[in-house]
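Open the model in your viewer and keep the selection panel at hand. This tour moves from one selection to the next.

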Amino acid sequence: MFLQRLEAGIYGVNCYIVGDENTQKCIVIDPGGDFEKINEILLENEFQLKYVVLTHGHGDHIGATKRLLTEYDCKLVAHFLEKDILNDPKLNLSNQIGNEEIVLEADLYVHDNDKIELGDLNIQIIHTPGHTKGSITLIINDNLFTGDTLFSGSIGRTDLYSGDFSQMKKSLNKLKSLDDEFVVFPGHGPASRLGIEKVTNPYLVGED
């Protein structure tokens with residue numbers, strides 16, 4: 001499995017490119033901006049971009065989405081509860097970030113436990129609301145792509161539109177039930193390991 005992280009956009013969002021090296025099919029997770037950097041990696045590796053997957057719809061995570069959808073024959077994937085955020089520049093905050101008000105419509109609205117095939121890879125969707133009502137975490141092999149739900153040593157904020165701390169706690173408990181060996185790739189900041197977060201992250205310690 002190919003996996004590359006790059007910091008994208010003015011807020012340094014972690015954008016991830018995940019590819020199946022047997023079929024050269026790939027996804028881009030949270031293209032926060034910097035289309036040129038993302039495109040360079042796709043071209044260098046001769047990848048066929050199949051999906052752009054959004055862990056949630058905030059403007060700092062979606063900046064290069066339209067350009068990718070225009071340049072590649074790919075589909076946009078998001079949770080069905082994120083539709084109103086994607087549709088509204090005020091709710092997705094793109095009217096406050098950068099120079100473009102972004103309106104998006106996903107080609108594929110997913111639900112909890114849905115699976116997406118990417119060549120020989122399987123992508124499992126976990127609904128993890130809290131940061132937004134339609135936030136998702138992706139499981140690909142032994143990797144967790146947690147968006148703005150779980151960070152190394154912290155969690156995403158819950159005070160924006162559709163954020164809910166009680167839902168966040170439930171989502172964290174859902175993630176905490178997974179195996180310690182999962183590698184956590186968050187939407188911001190460094191990667192971690194779930195087992196480490198269970199004993200060091202104050203938002204996971206003591207949760208049940």
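Which strands does helix α1 lie across? Select residues 35-44 for α1: the helix lies across β1, β2, β3 and β4 (48-53). It runs at about 165° to β1. Such angles run from 0 to 180 degrees between N-to-C directions, with axes fitted to C-alpha atoms, for helices over the stretch in contact. Helices (H or I, at least four residues) and strands (E, at least two) are DSSP runs, numbered from the N terminus.

Two notes on the model. It is predicted, so to speak of local features takes pLDDT of at least 70 and side-chain atom pairs count only at pLDDT 80 or more, while totals for chains, interfaces and linings use all residues. Residues are numbered from 1 along each chain as its sequence is written, and side-chain values use heavy atoms, leaving out hydrogens and water.

**Whole view**

Zoom out. The protein has six helices and 14 strands. Its C-alpha trace spans about 45 × 40 × 30 Å along the principal axes. The radius of gyration, taken over C-alpha atoms, is 16 Å, which agrees with the value near 17 Å for a compact globule of 208 residues. That rule is 2.2 Å times the number of residues to the power 0.38. Of the 208 residues, 51% count as buried. Buried means under 20% relative accessible area, exposed over 50%, and partly exposed in between (1.4 Å probe, protein chains only).

**The open sheet**

Now show the strands under α1. Six strands form an open sheet in the order β1-β2-β3-β4-β5-β6, with mixed pairing. The edge strands, β1 (2-8) and β6 (108-110), each pair on one side only. From one strand to the next, the twist averages 25°. Two strands pair if DSSP finds at least two bridges between them. Select 13-20 and 25-29: β2 and β3 pair in the antiparallel sense over five bridges. G19 stands opposite C26 in β3.

**The cores**

Which residues touch the most other members of the largest nonpolar core? Select I17, V28, I38, L42, L49 and L68, out of 26 residues in that core. A nonpolar core is a set of buried Ala, Val, Leu, Ile, Met, Phe, Trp, Tyr and Cys residues joined through side-chain atoms within 4.5 Å. Helix α1 gives the most to this core, with four residues. Stay on L68. Not counting residues up to four places away in sequence, L68 touches V28, P31, F35, I38, L42, L49, V52 and C74. Contact means heavy atoms within 4.5 Å. A second, separate core of 19 residues includes V53, I123, I140 and V183.

**Strand β10**

Next, select 143-147. Five of the five residues of β10 are buried, so the strand is largely enclosed by the rest of the structure. N143, F145 and G147 point one way, and L144 and T146 the other way. Add 136-140: β9 and β10 pair in the antiparallel sense over three bridges. I140 has N143 as its bridge partner. In this hairpin, with two residues between the strands, N141 takes a positive phi near 55°. Add 183-186: β13 runs parallel to β10, joined by four bridges. Here N143 has V183 as its bridge partner.

**Last stop: F165**

Is F165 buried or partly exposed? At 41% relative accessibility, F165 counts as partly exposed. F165 lies in helix α5 (residues 165-176). Leaving aside neighbours within four places in sequence, F165 is in contact with I155 and T158. Finally, pick G130: F165 and G130 are 35 residues apart in sequence but 5.7 Å apart in space, C-alpha to C-alpha.
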